[in-house]
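Q: I should like to learn how to read cysteines and paired strands in a protein model. May we work through an example together?

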Amino acid sequence: MEPMDTLLAAVPGGGRKVGGQYVMHCPAHPDKRPSLAVRERDDGVLLIRCHAGCPASDVLDALGLSWSDLYPDETRW
């Protein structure tokens, strides 16, 4: 499975695509408005950012994912 598919499957309610990124509710804090942005780089690596300030590690923990889930199979460690 591709990294974006893995992440979207883990996010309750998924996300919606806005421009070149997905936005969704951050699972690491009580989020009334979607504050989590996820963008895929040209090499397939995902960049995640909570605009409310949650560390990426907290977001991944809340989703049950690891750092390696943000990388395509050929670049995972």
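Q: How far is the sulfur of C26 from the closest cysteine sulfur, and why is there no bond?

A: A disulfide is a covalent bond between the sulfur atoms of two cysteines. Please note that the model shown here is predicted. The closest cysteine sulfur to that of C26 belongs to C50, at 3.8 Å, which is too far for a bond. The cut-off applied is within 2.5 Å.

Q: How many disulfides does the count come to?

A: By this rule, the count is 0 disulfides. Seen from C50, the closest cysteine sulfur is that of C26, and the distance of 3.8 Å is again too far for a bond.

Q: Is C26 buried or exposed?

A: A residue is called buried when its relative accessible area is under 20%. C26 has a value of 3%, so C26 is buried. C50, with a relative accessible area of 7%, is buried as well.

Q: Which strand is joined to strand β2, and how do the two run?

A: In a regular strand the side chains alternate between the two faces of the sheet. Here, strand β2 (residues 21-24) is joined by 4 bridges to strand β3 (residues 36-40), and the two run antiparallel. Within this pairing, M24 has L36 of β3 as its bridge partner.

Q: In which sense do β3 and strand β4 pair?

A: Their pairing is antiparallel, with 5 bridges, and β4 covers residues 46-50. One of the bridge partners is L47 in β4, which is matched with R39.

Q: What phi does G44 take in the hairpin of β3 and β4?

A: In this hairpin, 5 residues lie between the strands, and G44 takes a positive phi near 90°.

Terms used:
Residues numbered from 1 in each chain as written. Predicted model: local features only at pLDDT ≥ 70, side-chain atom pairs only at ≥ 80, totals over all residues. Heavy atoms only, no water. Buried < 20%, exposed > 50% of the residue type's maximum accessible area, 1.4 Å probe, protein only. Pairing = 2+ DSSP bridges.
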